[in-house]
Amino acid sequence: PLAAAAPAEVDLQAAGADTGTGALGHLGDDARPAEAQPVPARGSTGGGGGGWTPHELSRRGTDGPLAHVHAALVVARARLCELSARHLVLRELAPLFKLERHSDGMLSWRVGRVLQSLESVLLQMLESTPALDASSVGIRRQLLAAILGAVVHATCCVLAVSPRPLPTERVTHLHEDVQTLTEFFVAEAADGTPQGLPIATVRRALAPLRCLQPMLEMTSADLAQLWASAPTDAPLASSLGISRADFAQLSQADVYAADGYDPRPWAPPLRTCLATVLAAREDADADSWRRAHRTEAREAELRFVDPNPTVE
């Protein structure tokens, strides 16, 4: 199903060399994080490619003579980063998301093998976008964030097709994978300084995975009851114990934050997640739900794989 979310044609050069570890350290030791980039005075055109941060541009509307041009560039940059991430993760690395079925009938997958292959590719991509100034550093961080979003989305697609609730051991593996993703994309130096993405950006990108986890642990009967009792995402989030911050990512209340990360391509609605998990279960309760909700199950699977295919 990941192929449905991959772009049809994106001309990117695939990396093949084993370049070792530490790719994210190539963001540059002297580069300032995206949050610290200078924002020009109100009404300035922000020449030289820096300009307003995405957070500012999404709210300033007509401020400044070239505000609309800057806003369009921010959206275009986010879309380019998204398409690049889709091609890399959902097409080039798709074979690494193959599930393994164990003797107990459970399907398993670990994120470590994906990150091993991603390391050399990231190094080449970072070298092709040199950190010449604060603006180029921001582009590199935005591309990294989009790649993280794509990895998290692919992970959600893999986990959602589990035929039964995750046992304790698999839940432990999920927690370990979340920690592994965090450490890989933050890439702290020996002194604890992030060399990759800010921890806040990584936490935002991991929100869909945290929202999916409680559904993966619940029985099909409980999930079916939630479907009937929570007709919208807000009460469903409350019933699942999802934090307000994580729910805000899925509800897409804030398109662009200061880091330029756009969560929309990777954040399906909670009800879509619930229907997808239920439709994949192999038990009597799930089968009964599928018979009563065939249309919803089919639509949910399509939207779960590609939550917002027409995002502009």
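Colleague: Why is Arg210 called partly exposed in this predicted model?

Modeller: The relative accessibility of Arg210 is 22%. Buried means under 20% and exposed means over 50%, so Arg210, at 22%, counts as partly exposed.

Colleague: What makes Asp246 buried?

Modeller: Asp246 has a relative accessible area of 9%. The cut-off for buried is under 20%, and Asp246 is therefore buried.

Colleague: How do you know that the side chains of Asp246 and Arg210 meet in a salt bridge?

Modeller: The N to O distance between Asp246 and Arg210 is 2.6 Å. A salt bridge requires a side-chain nitrogen of Lys or Arg within 4 Å of a carboxyl oxygen of Asp or Glu, so the pair qualifies. The two residues link distant parts of the chain, with Asp246 in helix H10 (residues 244-251) and Arg210 in helix H7 (residues 207-217), 36 residues apart.

Colleague: What makes Glu169 and Arg170 a salt bridge?

Modeller: The closest N and O atoms of Glu169 and Arg170 are 3.5 Å apart. That value is within 4 Å, and the pair therefore counts as a salt bridge.

Colleague: Why do Glu169 and Arg170 carry the burial labels they do?

Modeller: Glu169 has a relative accessible area of 49%. Exposed requires over 50%, so Glu169 is partly exposed. Arg170 stands at 11% relative accessibility, which is under 20%, so Arg170 counts as buried.

Colleague: Why is the pair Arg86 and Asp306 said to tie together parts of the chain?

Modeller: Arg86 forms a salt bridge with Asp306, with their closest N and O atoms 2.9 Å apart. Arg86 lies in helix H2 (residues 67-92) and Asp306 in the segment after H13, so the pair joins parts that are 220 residues apart in sequence. Arg86 and Asp306 are both buried. Arg79, Glu82, Arg86 and Asp306 are linked in a network of salt bridges, and a search of the whole structure finds 9 salt bridges.

Colleague: What makes Ser220 buried?

Modeller: Ser220, found in helix H8 (residues 220-229), has a relative accessible area of 2%. This is under 20%, so Ser220 is buried. Leaving out residues up to four places away in sequence, Ser220 touches Leu278, Arg281, Asp283, Asp285 and Ala286.

Colleague: How do you know that the side chains of Ser220 and Asp283 make a polar contact?

Modeller: The distance between them is 2.7 Å. A polar contact needs a pair of N or O atoms within 3.5 Å, and the value therefore meets that cut-off.

Colleague: Why does Glu296 count as partly exposed?

Modeller: Glu296, in helix H13 (residues 294-305), has 33% relative accessibility. Partly exposed lies between the 20% and 50% cut-offs, so Glu296 counts as partly exposed. Apart from neighbours within four places in sequence, Glu296 is in contact with Trp227 and Ala275.

Colleague: Which residues touch the most other members of the largest nonpolar core?

Modeller: Val89, Leu118, Ile147, Leu181, Phe185 and Met215 do, in a core of 71 residues. Helix H4 (residues 134-160) gives the most to this core, with 15 residues. Outside its neighbours within four places in sequence, Ile147 is in contact with residues including Val89, Leu118 and Phe185.

Colleague: What pLDDT does the protein average, and where is the mean pLDDT of an element lowest or highest?

Modeller: The protein averages a pLDDT of 76, and 69% of the residues score at least 70. Helix H1 (residues 54-60) has the lowest mean among the elements, 48, and H8 the highest, 97. Over residues 26-62 the pLDDT is below 50. Where pLDDT is low, the predicted coordinates should not be read in detail.

Note on methods
Residues are numbered from 1 along each chain as its sequence is written. This is a predicted model: local features need pLDDT of at least 70, side-chain atom pairs count only at pLDDT 80 or more; totals for chains, interfaces and linings use all residues. Side-chain values use heavy atoms; hydrogens and water are left out. A nonpolar core is a set of buried Ala, Val, Leu, Ile, Met, Phe, Trp, Tyr and Cys residues joined through side-chain atoms within 4.5 Å. Buried means under 20% relative accessible area, exposed over 50%, partly exposed in between (1.4 Å probe, protein chains only). Helices (H or I, at least four residues) and strands (E, at least two) are DSSP runs, numbered from the N terminus. Contact means heavy atoms within 4.5 Å. A polar contact is a pair of N or O atoms within 3.5 Å; within protein, one must be able to donate a hydrogen and the other to accept it, and residues adjacent in sequence count only if both atoms are side-chain atoms. pLDDT is the predictor's confidence in each residue, from 0 to 100.
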